[in-house]
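Below are some comments, set out as numbered points, for a colleague who wants to read this structure with the coordinates at hand.

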Amino acid sequence: MIRPKYPCAQIELYTIVRMGWQSCEQHLNEFNDFKPRYSMKFIEERLNELEKAEGIGDYQTRGAVSETLRIQLIEIAQNSLDLWQKLKRYIADAFPENIQKPQLEAAGASYYANAAKFKWNSVQGMLNVASNFIQENLNTLSADENMPVNFVFKFEETKKQFSETLKLFLDSEEKARIQTELKIEQNNLIYSNLMKMFLDGQEIFKNDLAIKKQFVFQEVLALVS
């Protein structure tokens with residue numbers, strides 16, 4: 001996992017980078033004399049890197065899709081739990097009391113406790129097992145007008161809805177993780193390039209402490225903070 005190399009908040013980093021290259025531009029002649037690579041084009045390229053870093057969405061932006069899908073998953077999971085409780089009542093009327101316990105277990109009872117804590121794998125497991133149980137025992141459950149036909153459709157639709165939403169959620173989490181790493185990688189790049197320029201600035205203005213401070217990261221950070 002990529003980790004930030006910059007010793008400050010992200011928003012502070014962006015301000016410091018912008019201020020740093022503005023200071024470089026103000027003293028461009030001295031920098032160019034020291035290293036010919038320093039030019040307006042060079043500075044513009046570094047500022048373009050900054051804009052690229054800023055353009056990658058922040059944490060709230062990256063997480064918005066995942067958070068929305070998580071809320072939807074909770075709603076679907078709660079609906080799944082409610083449906084399973086109804087199935088439990090259908091099982092109670094369809095099977096003799098002495099074999100209800102193994103029937104409930106066959107219908108996914110062992111998944112219920114963790115599903116109620118909104119553990120996605122348990123919700124999915126409960127839905128899958130219960131769906132299979134309903135199909136295998138459809139005639140028994142439906143006998144004597146016990147379980148209505150539309151319950152089967154509701155259960156299958158909920159199962160499908162949960163599976164599809166869970167996939168979208170997991171995909172969004174992975175996408176957010178990748179974007180986070182891209183953001184940090186770009187932030188590390190602009191920090192690294194800034195520090196190289198700062199070290200050059202400290203050498204150029206080693207005998208002028210007032211200007212030298214413009215190229216000391218902690219000094220600029222203190223000003224920004």
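**Notes on the predicted model**

1. Helix 11 has a face turned away from its buried side, and that face carries the exposed residues Ala222 and Leu223. This and everything that follows is read from a predicted model. The buried residues of helix 11, which runs over residues 217–224, are Phe217, Val220 and Leu221. Because these cover an arc of only 105 degrees around the axis, they sit on the same side of helix 11. Their packing partners are helix 1 and helix 9.

2. Helix 3 can be read in a similar manner, beginning with its length. Its 16 residues (40–55) should span 22 Å at 1.5 Å a residue, and the end C-alpha atoms are indeed 22 Å apart, so the expected and computed values agree. Buried in this helix are Phe42, Ile43, Arg46, Glu49, Leu50 and Ala53. The arc that they cover around the axis is only 115 degrees, which means that they lie on the same side of helix 3. Lys41, Glu51, Lys52 and Gly55 are the exposed residues on the face turned away from that buried side. As for what the buried residues of helix 3 pack against, the partners are helix 1 (10–26), helix 2 (28–34) and helix 9.

3. The buried list of helix 3 deserves a second look, since it includes the charged residues Arg46 and Glu49. Salt bridges that share partners join Lys41, Glu45, Arg46 and Glu49 into one network, and Lys41 is one of the exposed residues on the face of helix 3 turned away from its buried side.

4. The largest nonpolar core has 29 residues, and those with the most contacts inside it are Leu87, Ile91, Ile134, Leu141, Phe151 and Phe162. At least two residues of this core come from each of helix 4, helix 7 (120–136) and helix 9 (149–204), and helix 4 gives the most, with ten residues. As a general background, nonpolar side chains tend to be buried together in soluble globular proteins. Phenylalanine 151 may serve as an entry point for inspection: leaving out residues up to four places away in sequence, it touches Leu83, Lys86, Leu87, Tyr90 and Ile134. Apart from this core lies another, of 27 residues, among them Tyr6, Cys8, Met197 and Ile211.

5. Which residues does serine 66 contact once its neighbours within four places in sequence are left aside? They are Phe169, Ser172 and Glu173. Serine 66 belongs to helix 4, residues 59–94, and because its relative accessible area is 4%, under the 20% cut-off, it counts as buried. Its side chain is joined to that of serine 172 by a polar contact of 2.8 Å.

6. Ten salt bridges are counted in the model. One of them is between the side chains of glutamate 54 and arginine 18, at 3.0 Å from N to O. This pair links distant parts of the chain, with glutamate 54 in helix 3 and arginine 18 in helix 1, 36 residues apart. Glutamate 54 is partly exposed at 32% relative accessibility, and arginine 18 is likewise partly exposed, with a relative accessible area of 32%.

7. Other salt bridges lie within a single helix. Lysine 101 and glutamate 105 meet through their side chains at 2.6 Å, N to O, and both belong to helix 5 (residues 100–106), four residues apart, about one turn of the helix. Lysine 101 is exposed, with a relative accessible area of 57%, whereas glutamate 105 is partly exposed at 43%. In helix 9, glutamate 174 and arginine 177 are three residues apart, again about one turn of the helix, and their side chains form a salt bridge of 2.5 Å, N to O. Both spacings fit the general rule: an α-helix has 3.6 residues a turn, so residues three or four places apart point the same way. Glutamate 174 is partly exposed at 36% relative accessibility, and arginine 177 is partly exposed at 40%.

8. A last point concerns leucine 182, which is placed in helix 9. Its relative accessibility of 43% makes it partly exposed, because that value falls between the 20% and 50% cut-offs. The C-alpha atoms of leucine 182 and leucine 104 are separated by 48 Å, and the two residues are 78 residues apart along the chain.

Definitions and conventions:
Residues are numbered from 1 along each chain as its sequence is written. This is a predicted model: local features need pLDDT of at least 70, side-chain atom pairs count only at pLDDT 80 or more; totals for chains, interfaces and linings use all residues. Side-chain values use heavy atoms; hydrogens and water are left out. Buried means under 20% relative accessible area, exposed over 50%, partly exposed in between (1.4 Å probe, protein chains only). A polar contact is a pair of N or O atoms within 3.5 Å; within protein, one must be able to donate a hydrogen and the other to accept it, and residues adjacent in sequence count only if both atoms are side-chain atoms. Contact means heavy atoms within 4.5 Å. A nonpolar core is a set of buried Ala, Val, Leu, Ile, Met, Phe, Trp, Tyr and Cys residues joined through side-chain atoms within 4.5 Å. The expected span of a helix is 1.5 Å times one less than its number of residues. The arc is that of the directions from the helix axis to the C-beta atoms. A salt bridge is a side-chain nitrogen of Lys or Arg within 4 Å of a carboxyl oxygen of Asp or Glu.
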